[in-house]
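Me: Before we discuss this protein, please set out the terms on which each label rests. I should like every answer to weigh a value against its criterion.

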Amino acid sequence: EMLKAYLEPKLVESLIEDGCFVKQVQVGESHTTVLTTEGEVLTTGSGSYGRLGNFDSVDHVELLTRDVEAIAGGKSFALALKDGVIHGWGRNHKGQLGTGYGLSVDMYAMAEVPAPIEADELLGRKVVKIAAGHSHAACITDGGELFFWGMTLHLEPERVTSLLHTKIVDVACGQDYTIALGKDGKLYAFGDGKGGALGQASVKQQSQAELVEALAEKKVQSISAGWKHVACLVNED
């Protein structure tokens, strides 16, 4: 029964039986992370690389049983936001958990239980939003600052200084690229430009966040990033 494929949506009966109401769902390569309305994190699927956050395949993350505000998931890792602090677990071969240089980052690097990100850059800052891509992640602080890490580029959160001129209110991550939404409705992008995901009429790598000029005269309301494509909702008024 567990390995069956379904061609139509099927109700997850186990959540109903346990009286769980779902607030948010994140789907990875071989696992699913669920945040309930009670602030509890549940996981199911493949437990390899610690992606279930509990040493094995039991679908429950014991360390995050209440007051979790949001979750985000990449290919084989997950993040949870609780009390303004990010907790991460799963694969860490590209520094996507943001734990820094204290841990060896190689192809087998991982965290089997949720661990808080305690980077110097985030000390004294409260995180209000998180996002995860293929093998990197990003967050926004209550001051509207954007941080990102992973892709073997940064092993702990790094502030995006090119966006300090504006307050960031939303962020989304794809496969090695990031898009960010300013309070004024302007959209910014940086990272891998393959496939045109950065919206800059170029497929070049872009190390600094730059305004998406094609949308400069529009007010972007919401954003979404796939592995290699982007969608956004704009106000035409």
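Me: Which residue in β11 is the bridge partner of F148?

Reply: In this predicted model, F148 is bridged to E158 of β11.

Me: What makes β10 and β11 a pair of strands?

Reply: Pairing requires at least two bridges between two strands. Strand β10, residues 146-150, is joined to β11 by three bridges, so the criterion of at least two is met and the two count as paired. They run antiparallel.

Me: Why are β8 and β11 said to stand at the edges of their sheet?

Reply: The sheet is open, with four strands in the order β8-β9-β10-β11 and antiparallel pairing. β8 (127-132) and β11 (154-159) each have a single partner strand, so one side of each lacks a neighbour in the sheet. On average, neighbouring strands in this sheet are turned by 15° against each other, direction ignored.

Me: Why is strand β12 called mostly covered?

Reply: A residue is buried when its relative accessible area is under 20%. Five of the six residues of β12 (168-173) are buried, so the description "mostly covered" follows. For the protein as a whole, 46% of its 237 residues count as buried.

Me: How do you know that β12 and β13 pair, and what do they form?

Reply: Five bridges join β12 to β13 (residues 177-182); the requirement is at least two, so they pair. The two strands run antiparallel, and V171 stands opposite A180 in β13. With three residues between them, β12 and β13 form a hairpin, and D176 in its turn has a positive phi of about 70°.

Me: Which residues lie nearest the centre of the second largest pocket, and which strand gives the most to its lining?

Reply: Q26, I130, A131, A132 and V171 lie nearest the centre, out of 20 lining residues. β8 gives the most, with five residues. At least two residues each come from β1 (22-27), β4 (68-73), β8, β12 and β16 (219-225). The volume of this pocket is about 390 Å³.

Me: What makes a residue count as part of that lining, and how is the lining divided by class?

Reply: A lining residue has an atom within 4 Å of a point of the pocket. By class, the lining of the second largest pocket holds 14 nonpolar, four polar and two charged residues.

Me: How many helices and strands does the protein have?

Reply: The protein has one helix and 17 strands.

Terms used. Residues numbered from 1 in each chain as written. Predicted model: local features only at pLDDT ≥ 70, side-chain atom pairs only at ≥ 80, totals over all residues. Heavy atoms only, no water. Axes fitted to C-alpha atoms, helices over the stretch in contact; angles between N-to-C directions. Buried < 20%, exposed > 50% of the residue type's maximum accessible area, 1.4 Å probe, protein only. 1 Å grid on protein atoms, 1.4 Å probe; cavity = no way out; pocket = protein on both sides within 12 Å on 5 of 7 lines; lining within 4 Å. Points joined across faces, edges and corners; volume = space filled by probe spheres on them. Nonpolar A, V, L, I, M, F, W, Y, C, P; charged D, E, K, R; others polar.
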